[in-house]
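Here are my comments on the model you sent round. Please read them with the structure open.

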Amino acid sequence: MHKKYSYFDMAPLDRSDPYDVCIVGSGPAGITLAKTLVEKGVRVLMMESGYGLFRWLVDKRFKQVLADFEVSGNANYPVENTRGMLLGGTSNFWTGRCERLHPFDFERHPYVPNGNPWPITYNELEPYYEMAEKTLRVRCGERSSDAPPRRTPFPLPPKTDISYLKNLFNKLGVVVDDSPTATPRKIPRFFRFQNEVLPAFLKAPHFTLVTGATVARLLNDTERNITGAVVNTFDGLQKIARAKKFVIAAGGIGTPRLLLLSRSAQYPEGVGNHHDRVGRGFHEHPAVNFYGQLPHQGDSRLLTNKIGRSHQFYNTFWKENLGTILPVFRQSWVLPHHNMPMTVANIPRNTVAILKRFRKATVYIGVVIEMKISDANRVGLSKTKCDLFGDPLAHLTLNYSDEDRQLLARSRELVQKWYGDLNAEDVYEAQVTFSRHHMGSCRMGDDPLTSVVDRNLRVHGTSNLYLSGSEVFVTGGAMQPVLTITALAYRLGEHLVQPK
Ligand SMILES: Cc1cc2nc3c(=O)[nH]c(=O)nc-3n(C[C@H](O)[C@H](O)[C@H](O)COP(=O)(O)OP(=O)(O)OC[C@H]3O[C@@H](n4cnc5c(N)ncnc54)[C@H](O)[C@@H]3O)c2cc1C
């Protein structure tokens with residue numbers, strides 16, 4: 001038996017008989033895929049660069065060198081706290097919001113790249129959305145007809161009552177819906193994949209997890225099949241993991257980086273990059289953020305932090321050839337806001353903001369926008385900086401397009417109108433933030449000239465290499481990605497066990 005879950009034991013990588021499937025990365029994409037494969041009896045090796053949360057917090061190398069990447073472009077994209085390189089991946093830090101995309105996100109619309117429509121439809125993904133929602137134990141209240149359609153109820157009822165927000169904005173003709181949210185079993189708030197999903201199959205004899213194993217590049221034979229993964233360990237060893245099939249689930253920045261690092265005679269520009277598509281089309285979810293004060297009413301005096309979203313205006317701006325938007329409404333009583341972090345310098349401002357809330361209710365309105373897909377926004381390799389093992393870090397180029405700026409401006413107008421209609425006081429705009437959603441850098445599509453993976457998530461031009469994660473999204477709408485990542489991982493799991 002080669003079953004192993006050890007932080008430090010690399011012996012599973014010394015096996016000469018190949019695993020059925022090797023998965024690189026243990027975030028939502030990797031763990032969901034592993035779950036579905038292990039349940040089907042497939043022999044799976046999962047390799048994760050980091051260790052657990054403790055190591056991540058105390059060993060600065062993980063945050064500062066391993067999770068680091070370079071950034072250029074006018075979007076001033078933040079690097080820190082953008083991704084987690086540890087068991088469970090970035091799901092250690094996510095907030096658990098779980099929207100589906102709308103059916104029309106998968107159809108042709110102003111932001112679908114030329115020659116690269118989504119190769120799948122909402123209807124094809126819907127059964128997998130249902131499986132994903134069960135796994136994530138998504139809770140939510142009844143929703144309006146503006147929200148994405150569904151055939152079955154949400155797995156769990158809502159925990160919080162957002163009627164204050166619903167009533168407040170209903171008066172303005174704005175329909176606010178509950179936000180579907182992943183529900184952990186034991187702790188109150190954070191659904192972490194390594195705690196909620198992994199334990200069910202961790203001890204299966206045909207599953208092997210190796211942490212502290214950073215995949216540096218993929219190896220291939222002359223027939224262009226992927227034959228191995230070169231793995232660096234923190235004690236300076238280098239190993240080669242062998243498998244019949246490989247799935248890269250290293251996140252929307254880590255996955256294109258690994259493909260680009262994997263150069264060989266057969267793949268001189270990196271695996272899957274024969275048409276210079278790897279890394280191109282990266283997009284995120286920028287958001288405008290506002291605060292305003294209103295007289296207290298209903299439960300607004302309670303120390304709560306409730307949230308709702310409106311789908312009513314989702315594709316309103318298509319008529320102006322702009323992208324989709326998702327307004328967010330919050331009774332933001334307790335927390336200052338992520339734009340006013342708890343630093344010493346911010347203590348006076350945060351204290352005043354909190355004290356003011358005794359006098360009046362603070363209502364936050366933000367709008368998350370879809371970015372225009374641009375080939376120039378891409379993940380490449382740094383020319384100057386390397387990781388702990390001497391391999392080039394990722395370099396992200398991210399610029400706002402004219403459409404992005406217009407959509408941010410149109411969103412500001414909407415929010416300011418709503419505050420005006422509410423006669424809100426002290427309205428101020430905090431800085432534009434990013435949602436930390438890394439999408440589109442290895443898009444799916446039927447045409448290898450415009451995409452990196454096919455409709456089954458197999459890298460074009462390879463026979464046994466697949467991707468799992470939001471890097472394969474053609475467009476990201478204005479929705480959080482994890483539910484769609486999880487649904488696509490379930491779909492990939494089914495595909496990988498189909499007889500040829
Ligand atoms: C603060 C915050 C809040 C968020 N809130 C939400 C939300 O509410 N809803 C939502 O849908 N999304 C949210 N997200 C985004 C969400 O967390 C990510 O989209 C999601 O985790 C991506 O899953 P993944 O498995 O593709 O990648 P990741 O979770 O990033 O996992 C990738 C894993 O691969 C490993 N890895 C990378 N490279 C290598 C390598 N070379 N070798 C071995 N291992 C490697 C990494 O260490 C990591 O563990 C949030 C993100 C942040 C930071």
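**Notes on the predicted model**

1. Helix 8 covers residues 251-261 and is mostly covered, with 10 of its 11 residues buried. Bear in mind that this is a predicted model. The buried set begins with G251, G252, I253 and G254. T255, P256, R257, L258, L259 and L260 are buried as well. Note that a charged residue type, arginine, is in that set, as R257.

2. What do the buried residues of helix 8 pack against? The partners are strands: strand 2 (19-24), strand 9 (213-220) and strand 11 (238-248). Strand 16 (378-386), strand 17 (392-397) and strand 19 (465-467) are also on the list.

3. Next, the ligand. Its surroundings comprise 38 residues. The closest are G25, G27, G89, Q480 and V482. Helix 8 returns here as one of the elements that give two or more residues to this shell. The others are helix 1 (28-39), strand 3 (44-48), strand 9 and helix 11 (482-496). Strand 9 thus appears on two lists: it contributes to the ligand shell, and the buried residues of helix 8 pack against it.

4. How does the shell around the ligand divide by class? It has 19 polar, 15 nonpolar and 4 charged residues. Glycine counts as polar in this scheme, a point to keep in mind when reading the 19.

5. Strand 17, a packing partner of helix 8, pairs with two strands discussed here. Strand 4 (residues 70-72) runs parallel to strand 17, and 3 bridges join them. Within that pairing, V71 stands opposite L396. Strand 16 pairs with strand 17 in the antiparallel sense, over 5 bridges. There, G380 has H395 of strand 17 as its bridge partner.

6. Check the turn between strand 16 and strand 17. This hairpin has 5 residues between its strands. One residue to inspect is G390, which takes a positive phi near 90 degrees.

7. A separate topic is the open sheet. It has 6 strands in the order 6-13-14-15-12-18, with antiparallel pairing. Strand 6 (177-178) and strand 18 (425-434) are the edges, and each pairs on one side only. Strand 18 meets strand 12 (residues 286-294) over 6 antiparallel bridges. A287 and T433 are bridge partners there.

8. Which helix packs on this sheet? Helix 5 (residues 163-170) does, touching strand 13 (305-309) and strand 14 (325-332). The direction of helix 5 makes about 120 degrees with that of strand 14.

Terms used: Residues numbered from 1 in each chain as written. Predicted model: local features only at pLDDT ≥ 70, side-chain atom pairs only at ≥ 80, totals over all residues. Buried ≥ 20, exposed ≤ 12 C-beta atoms within 10 Å, placed from the backbone. Helix = DSSP H or I, 4+ residues; strand = E, 2+ residues; numbered from the N terminus. Contact = placed C-beta atoms within 7 Å. Near = placed C-beta within 6 Å. Pairing = 2+ DSSP bridges. Axes fitted to C-alpha atoms, helices over the stretch in contact; angles between N-to-C directions.
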